[in-house]
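Trainee: Could you take me through one part of this protein slowly? I'd like a close look at a single strand and what sits around it.

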Amino acid sequence: MSWSLDLIRTKTNSESYGEEKDDDIIPFKKYEIIKTLSEISEIVDIRIEETVPVEDTEIDLDSFFIVHVYGKNWSIEFLFYNWCEYSEKNMTYDIIELQVRGSTEPKEFLSLLAEKLRARLFDMSAGTFWTYNGSGFSDWKNLCDRIAKDLSDTKQKIDF
């Protein structure tokens with residue numbers, strides 16, 4: 001399970017989620033994200049890996065790739081799909097999904113990411129835009145912990 005955030009950027013960064021006009025969206029570029037992650041790595045201790053997913057008939061690999069970012073006690077998969085412009089050098093994306101996993105919320109990293117990209121993060125769990133002091137991470141973490149406990153308790157009751 002992961003805690004999902006959508007990275008989105010518009011001219012004003014003030015619209016409600018899902019009510020952005022196409023003309024107001026400022027797409028992200030692959031190189032821009034990689035460059036920003038590199039800049040953040042000089043401030044926060046992270047490791048960055050770019051990967052291509054295993055071939056899947058449901059996914060067009062020409063328009064999909066993943067960047068993994070690892071910090072202390074957390075990791076984030078940056079999922080790039082639904083490109084809106086294509087060239088060999090530069091693909092642009094309206095929204096980039098972040099799938100966060102771990103035991104701690106990467107607040108400093110997320111804050112730097114949003115600031116440097118002049119973007120916002122929509123917290124899919126809470127249904128609101130992410131802020132440093134307000135997110136759905138703790139609710140998501142509590143749910144994960146409860147599921148893990150339930151599964152552990154169930155496993156103990158089943159005799160294999």
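Mentor: Let's start with how far to trust the model, then go to strand E1 and work outwards.

This is a predicted model, so local features need pLDDT of at least 70 and side-chain atom pairs count only at pLDDT 80 or more, while totals for chains, interfaces and linings use all residues. Residues are numbered from 1 along each chain as its sequence is written, and side-chain values use heavy atoms, with hydrogens and water left out. As for pLDDT, that's the predictor's confidence in each residue, from 0 to 100. The protein chain averages 83, and 81% of the residues score at least 70. Confidence is highest in helix H2 (residues 107–117), at a mean of 96, and lowest in strand E6 (residues 83–85), at 57. Where pLDDT is low, the predicted coordinates should not be read in detail.

Now E1 itself, which covers residues 3–8. Helices (H or I, at least four residues) and strands (E, at least two) are DSSP runs, numbered from the N terminus. E1 is mostly covered, with 6 of its 6 residues buried; buried means under 20% relative accessible area, exposed over 50%, and partly exposed in between (1.4 Å probe, protein chains only). Trp3, Leu5 and Leu7 point one way, Ser4, Asp6 and Ile8 the other way, and all are buried.

What does E1 pair with? Two strands pair if DSSP finds at least two bridges between them. E1 and strand E8 (residues 95–102) run antiparallel over 6 bridges, and the partner of aspartate 6 there is glutamate 97. E1 also pairs in the antiparallel sense with strand E9 (residues 120–123), over 4 bridges; in E9, leucine 5 has aspartate 123 as its bridge partner.

Trp3 also takes you to the rings: ring pairs link Trp3, Phe137 and Trp140 into a cluster. Rings of Phe, Tyr and Trp (its six-membered ring) pair if their centres lie within 6.5 Å; planes under 30 degrees apart count as stacked, over 60 as edge-to-face and the rest as tilted. The structure holds 9 aromatic pairs. One of them is edge-to-face, between tryptophan 130 and tyrosine 132, at 6.5 Å centre to centre with 70° between the planes. Tryptophan 130 is buried at a relative accessible area of 11%, whereas tyrosine 132 is partly exposed at 41%. Phenylalanine 137 and tryptophan 140 make a tilted pair, 5.4 Å centre to centre with 45° between the planes. Because they are 3 residues apart in helix H3 (residues 137–157), about one helical turn separates them. Phenylalanine 137 is buried at 5% relative accessibility, and tryptophan 140 is buried at 7%.

Step back along the chain and you reach methionine 1, in the segment before E1. Methionine 1 counts as exposed because its relative accessibility is 57%. Met1, Leu143, Ile147 and Leu151 form a nonpolar surface patch with about 370 Å² of accessible area together. Patches are made of residues with over 30% relative accessible area and no salt bridge (a side-chain nitrogen of Lys or Arg within 4 Å of a carboxyl oxygen of Asp or Glu); like charges are joined within 9 Å, nonpolar side chains (Val, Leu, Ile, Met, Phe, Trp, Tyr) within 5 Å. Accessible areas come from the Shrake-Rupley method with a 1.4 Å probe, and for residues only the protein chains shown count as cover.

Go the other way and you enter the loop between E1 and strand E2 (28–29), where asparagine 13 lies. Asparagine 13 has a positive phi of about 50° although it is not a glycine, and it is partly exposed at 22%.
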